[in-house]
Amino acid sequence: MMNCRSQTESSMNFCRHWIVAGLTAVALATMTAQSFAEDALSGELVVIGFGGSYGDAMREIVIEPFAAETGVEVRYLDTCCASIPTAIESGQFAGDVAVGLDVGGLLNWSGRGYFMADERLVDLAKGAGVPDIYYHPAMVITNLYAYVVAAHGTDTPLPTNWAEFFDIESFPGTRVLMRTSPVATLEAALLADGVAPDALYPLDVNRALKKLDALRSETQVLFAESPADLVNMLATGTADYAIAYSNRMFAAAKDGLPVTFSYDQGLSTGNGHGILTGTRNPRAAVALLAFALRPDVLAAMAERTGLSPSTAAGVDAVRPEMRDLLPASEKSQASQIPLNTNYWGEHRSSVGDAWVQWLTR
Amino acid sequence: MGSMVDTLGQRLTALILAGAAVLAVIMPLIEVVRYSFGEPPFAFYAEVLARPEVWRIIGATAQVALTTAALALLLGLAIALTLLSATPGLRRAFYLVFILSSFVPFIVRGYACVVILGAAGPINRLVGVLAQRDAILLGTFWGVVLTLLHALLPIAVIVISAAIDKTLSHNLRVAATLGAGPGQRFLNITLPRLAPSLVSAFLVVFVIAAGAFVAPAMVGGGRQTLAVQLVYIYHTHLMQPRLAAALAIVITCLLLLVVAVLAWFRALSTRPVPSGLLAAAAVFSQLAPASGNWIAVAGGMAIGYSALVVGTVIVLLPLLYVLAISLQPLPMLALPSEELSLRWYARVVGDRDWRDAAVTTLRISLLAGAMSVCLAAIAAEFGRRAGRVGASIIAALAMAPAVVPAIVLAIGYYVIFVRVGMIGSGTAVVIAHAAIALPVAYLLLSSALSRYDPGHEEVASSLGAGPIRRLLSIRLRLLAPAFAAAGLFAFLASFEEVVLALFLAGMDIRMIALKMWSVATQSIGPELAVPGTFLLCASLVVAAIALHIGGLAGRGDGIGHQTR
């Protein structure tokens with residue numbers, strides 16, 4: 001501009017051209033920005049997940065920062081999930097995104113058509129460095145956790161493998177198992193019965209149940225109605241040993257509850273999010289999943305909930321003193337055995353049926 | 001002229017009743033039945049009936065429900081009769097505390113039961129000291145029965161004591177002056193007079209216990225699976241909703257059969273006492289030697305007061321535990337052992353969700369309770385006039401919402417409300433909750449009506465009072481305590497309900513029970529005990545005010561003593 005003032009008229013004209021051009025550019029830029037704004041994320045997003053501590057963490061670490069950054073209005077409903085199948089099957093809007101479901105549940109729902117399949121989710125997972133066994137167009141696996149041996153009290157001798165967990169003589173006391181699903185319980189029984197980790201699948205369900213029968217005849221076995229119930233039984237000493245969720249044990253120990261756990265022979269799996277069929281805002285939904293996969297977000301979730309990041313970048317972002325407590329750290333991963341989620345995706349109902357029959361016997 | 005208005009009014013009410021019954025109870029049931037059909041039509045039923053666990057669990061459920069109902073009946077009767085001879089103040093205080101204990105949602109009291117029945121609970125400690133052995137009732141038959149008894153004893157006591165009035169105590173006094181022994185008085189006067197209410201009390205406890213879901217889930221430790229839990233397992237864990245619906249229909253039919261039989265029995269018991277029973281009573285009273293009278297009186301009092309103590313402990317202990325747990329600093333369910341903490345109070349008070357939910361809940365539950373009481377009043381009136389078969393049918397219909405597992409009813413309602421575009425509206429929740437609250441309101445009103453003497457109205461009519469005046473200034477006034485109790489319990493039924501709300505409330509309606517449910521499923525801990533404690537305090541304030549007003553009015557009779 002300084003230059004323009006000192007120019008001759010012709011160059012003034014030239015200068016004026018520049019000004020016009022500049023203004024045009026600004027106008028164009030504004031227009032583009034506007035069209036970007038129209039193109040950018042907007043509107044509303046309804047996210048369905050669980051309540052309690054997971055819900056609080058989700059809200060504070062993922063939902064609210066995402067909303068602040070993008071301007072999308074996000075509502076988090078913590079009443080997952082009983083009514084969602086009915087809603088989707090009767091063509092009702094059930095929400096945009098379901099968060100915090102385990103891989104088996106995600107696969108099951110995807111098989112029933114409750115999730116929108118979108119290749120962008122696979123791209124997201126690849127880009128973020130999620131392990132390739134979890135690539136799936138209907139879900140993004142954001143977290144890893146494991147089913148681990150846990151005990152009441154901080155000085156109770158801790159079994160170092162499933163055989164010891166089933167050994168009542170060396171480790172006397174009440175056991176608590178999850179009632180709502182046989183996932184991991186059957187694997188643990190088979191490993192305790194001498195099946196090699198790489199020969200677990202397809203599961204020998206009868207053999208596993210026989211091993212559990214033996215356990216039930218030797219000591220009191222309680223069955224928890226929910227993961228929270230299981231933690232409570234263990235923390236209050238109603239049960240002495242549990243097959244427990246590592247993230248829950250991490251959080252319980254952090255809260256000062258008298259529990260211990262170990263990753264030895266932990267059965268590892270993941271959980272994550274999916275976009276519900278009938279979503280009204282698929283772009284914002286994909287953006288939310290991308291946001292949830294950011295290393296800093298994953299690390300914050302991990303430090304708060306004990307759910308390990310599913311990506312290496314996420315694990316690296318976790319504070320070093322907490323890293324070893326997570327299932328995805330190098331140290332704890334060495335001794336773990338991965339659950340075969342595809343097996344569970346296919347056999348969930350038939351094995352579940354056998355489980356119900358056994359439970360009510 | 002008056003009688004024409006009367007019949008017209010009756011027909012109109014009959015029409016309204018029929019319409020409401022169809023909308024609130026029959027339509028969702030039809031949807032569920034349709035939903036339970038497969039290809040071939042009865043495929044799911046065949047599968048349900050062929051599954052061994054179904055019959056095992058139905059048997060176990062019947063056992064739990066029978067034990068609970070029998071205990072509630074015995075304790076309730078002993079408590080109600082003992083209170084008859086207590087001072088009016090004590091009696092009123094007792095009834096109010098009993099009723100108001102229901103103000104704390106069961107999900108919260110259930111957690112207290114978990115603590116009480118668990119390893120660190122008083123029962124295990126006491127038995128440990130006395131008998132040097134473990135007595136962890138969590139996950140046992142008796143643990144479930146005690147928890148159900150805790151939840152249902154107040155209702156049993158209220159239904160039974162609603163029938164104990166001044167006429168009864170007057171008759172008993174007269175019989176005593178004429179030389180009838182206590183056994184004779186009990187068998188010849190008390191029992192026949194209370195019979196309909198006893199059947200009602202047994203009915204309501206049996207049906208609610210048999211349909212229990214939350215209690216066995218919380219204290220059953222996975223070993224005590226009851227029938228409705230199995231419906232949930234099929235629905236939610238095996239993801240076989242149609243199989244679940246078929247099982248639910250089977251359970252519903254069995255329970256409706258029980259309801260119909262008991263309603264028939266109740267209709268029978270309002271008629272003069274069968275001579276066989278009288279003869280038996282005579283034989284019994286002959287057996288008791290006259291000199292043994294004072295022993296019988298002392299024994300009766302001892303039994304009565306121990307029942308009073310046991311009942312009070314069963315009802316009140318979990319409430320005290322709720323209070324204590326709310327001060328536990330750690331996120332687990334146990335009595336605070338080292339320090340007391342207010343962190344959960346700070347959390348709940350600082351959470352706007354709780355406050356918003358409280359307002360919404362109050363609105364919805366008041367409406368649902370009012371609607372339910374109106375329906376129940378009309379149904380009870382028609383049940384009284386109808387013959388034995390008609391009475392059984394009306395009772396079965398009115399009890400149906402308590403008998404059909406909520407998750408199945410929820411699916412039925414869902415389908416209907418989707419069709420009319422009302423999912424996610426407050427109206428949908430109000431209608432469904434009015435149906436859920438109907439059974440308890442119906443039981444309280446019908447058992448009060450069965451003792452109501454229409455003679456009062458005939459007198460009023462002969463004195464020129466019109467039908468509306470008769471209704472307002474005689475019937476409603478005389479039945480006011482029963483209406484108050486029915487309204488309160490209907491309100492609470494809606495207040496506590498989770499499953500229907502979960503399906504029908506959609507995204508905009510947040511209720512306290514839903515908030516509690518979402519907290520409870522994710523993190524079991526003292527947080528829920530905080531709203532529980534608030535409700536406990538609120539109910540104590542209500543009790544204090546009610547007692548104060550009662551004291552001012554100088555009325556000597558407690559709840560249910562309507563025949564003045």
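Residues 31-38 of chain A keep a pLDDT (the predictor's confidence in each residue, from 0 to 100) under 50, and the model gives them 0 contacts beyond four places in sequence, where two residues are in contact if their C-beta atoms, placed from the backbone, lie within 7 Å. This is a predicted model, in which local features need pLDDT of at least 70, side-chain atom pairs count only at pLDDT 80 or more, and totals for chains, interfaces and linings use all residues. Residues are numbered from 1 along each chain as its sequence is written, while chains are lettered from A and ligands numbered from 1 in the order in which they are written.

Chain A has an average pLDDT of 88, with 89% of the residues scoring at least 70. Over residues 1-15 of chain A, however, the pLDDT is below 50, and this stretch has 3 contacts beyond near neighbours in sequence.

Within chain A, the domain assignment, whose bounds come from an automatic or database source, gives domain 1 (44-144 + 270-338) and domain 2 (147-267 + 349-359). The centres of these two domains of chain A, taken over C-alpha atoms, are separated by 26 Å. Domain 1 of chain A and domain 2 of chain A each bring 11 residues to their contact.

Between the chains, the contact draws 42 residues from chain A and 39 residues from chain B. Helix 24 of chain B gives the most to the side of chain B that touches chain A, namely 5 residues, helices being DSSP runs of H or I with at least four residues, numbered from the N terminus.

How values were computed: Helix = DSSP H or I, 4+ residues; strand = E, 2+ residues; numbered from the N terminus.
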